[in-house]
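Q: Please take me through one part of this model at close range. Then show me what surrounds it, in short steps.

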Amino acid sequence: MTIEAELKARVREPAELVARLTAAAGAAGRVEVYRDVYFDRPGGELGAAGAELRVRTVTGPAGMRTVLTYKGAALDAGSGSKPETETLVADPVALRAILRGSGLVETIAFEKRCRNWELTEDGRPLLATVVEVPELAGVFLEVETPAADAAELPSALAAVRRALRRLGVADAELTTELYTDAVARARG
């Protein structure tokens, strides 16, 4: 299980950020739509423990793919970085039936409109994603890189922070708010 070393920011000037990302990556970025569906036990035990179980369907220029993701509790409170395990899903309809049949319930579903760039910082591969969630005000930037274990997490997060600074994102713009929580609040 790797750790997703990730920092997220609310973006003040989206057009300027997209221009900086395009220049840094040498490409316009890959546009994709993520449809996320989260599952939990009926009593909410996964969420209460800070864990997540997500089925994500990604639609983009390369077609459609579905990924099952389990994220454990955050290992770093300042970033919200979590251990993560993912696998591609051959049959998303069957997967949802399996999850429901095993007693899990859908807790929330929403769409993310994303534009992704692949970058490097200190030899580390980074994924930078500009995100819009139709139900939320504003634009977000997520920058992530994998860390092999908790010992590697600080250096992975340092690389992410350096990349954010190069992109003009200040620490004051960072947020650890989860999209699931923000969307749930927006729905009232």
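A: The answer starts with one helix and then works outward.

This is a predicted model: local features need pLDDT of at least 70, side-chain atom pairs count only at pLDDT 80 or more, and totals for chains, interfaces and linings use all residues. Numbering runs from 1 along each chain as its sequence is written, and side-chain values use heavy atoms, with hydrogens and water left out.

Start with helix H4, residues 153-166 (helices are DSSP runs of H or I with at least four residues, strands are runs of E with at least two, and both are numbered from the N terminus). H4 has 14 residues. From its first C-alpha to its last it reaches 20 Å, close to the 20 Å expected at 1.5 Å a residue (1.5 Å times one less than the number of residues).

Which residues of H4 are buried? They are Leu-153, Ala-156, Leu-157, Ala-159, Val-160, Ala-163 and Leu-164. Buried means under 20% relative accessible area, exposed means over 50%, and partly exposed lies in between (1.4 Å probe, protein chains only). Seen down the axis, the buried residues of H4 fall within an arc of 155° (taken from the directions from the helix axis to the C-beta atoms), so they line one face of the helix. An α-helix has 3.6 residues a turn, so residues three or four places apart point the same way.

What does that face meet? The buried residues of H4 pack against strands S1 (2-11), S6 (105-121), S7 (124-132), S8 (139-147) and S9 (174-175). Just after H4, Gly-168 takes a positive phi of about 85°.

Now follow one of those strands. Arg-124 is found in strand S7. Its relative accessibility is 13%, so Arg-124 counts as buried. Arg-124 touches Leu-119, Thr-145, Pro-146, Glu-152, Ser-155, Ala-156 and Ala-159, leaving aside residues up to four places away in sequence (contact means heavy atoms within 4.5 Å). Two of these partners, Ala-156 and Ala-159, are among the buried residues of H4.

Step back to the loop between S6 and S7. Asp-122 sits there. Asp-122 has a positive phi of about 55°, although it is not a glycine. Most residues other than glycine have a negative phi. Asp-122 has 52% relative accessibility, so it counts as exposed.

A second helix also meets strands from this list. In helix H5 (179-187), the buried residues are Tyr-179, Thr-180, Ala-182 and Val-183. They cover an arc of only 165° around the axis, which puts them on the same side of H5. What covers them includes S1, S2, S6, S7 and S8. Just after H5, Gly-188 takes a positive phi of about 70°.

H5 also borders an enclosed space. A search of the whole structure finds one cavity of 30 Å³ or more. (On a 1 Å grid over the protein atoms alone, a cavity is a set of points where a 1.4 Å probe fits but cannot get out; a pocket is an open set with protein on both sides within 12 Å along at least five of seven lines; lining residues have an atom within 4 Å of a point.) The largest cavity holds about 30 Å³ (points are joined across faces, edges and corners, and volume is the space filled by probe spheres set on them). Its lining is Lys-8, Arg-10, Leu-136, Phe-140, Thr-175, Glu-177, Leu-178, Tyr-179 and Ala-182. S1 and H5 are the elements that give two or more residues to this lining.

Next come the open spaces. The second largest pocket has about 210 Å³ of space. It is lined by 16 residues, with Tyr-38, Gly-47, Ala-51, Thr-107 and Thr-180 nearest its centre. Strand S2 (30-40), helix H2 (45-48), strand S3 (52-60), S6 and H5 each give two or more residues to this lining. S2 gives the most, with three residues.

The largest pocket has a volume of about 660 Å³. Its lining has 36 residues, and Glu-4, Arg-54, Arg-56, Lys-71 and Glu-144 lie nearest its centre. By class, this lining has nine nonpolar, nine polar and 18 charged residues (nonpolar: Ala, Val, Leu, Ile, Met, Phe, Trp, Tyr, Cys and Pro; charged: Asp, Glu, Lys and Arg; polar: the others, Gly among them). Take Arg-54, in strand S3. At 5% relative accessibility, Arg-54 counts as buried. Among the residues that Arg-54 touches are Asp-36, Tyr-38, Lys-71 and Glu-86.
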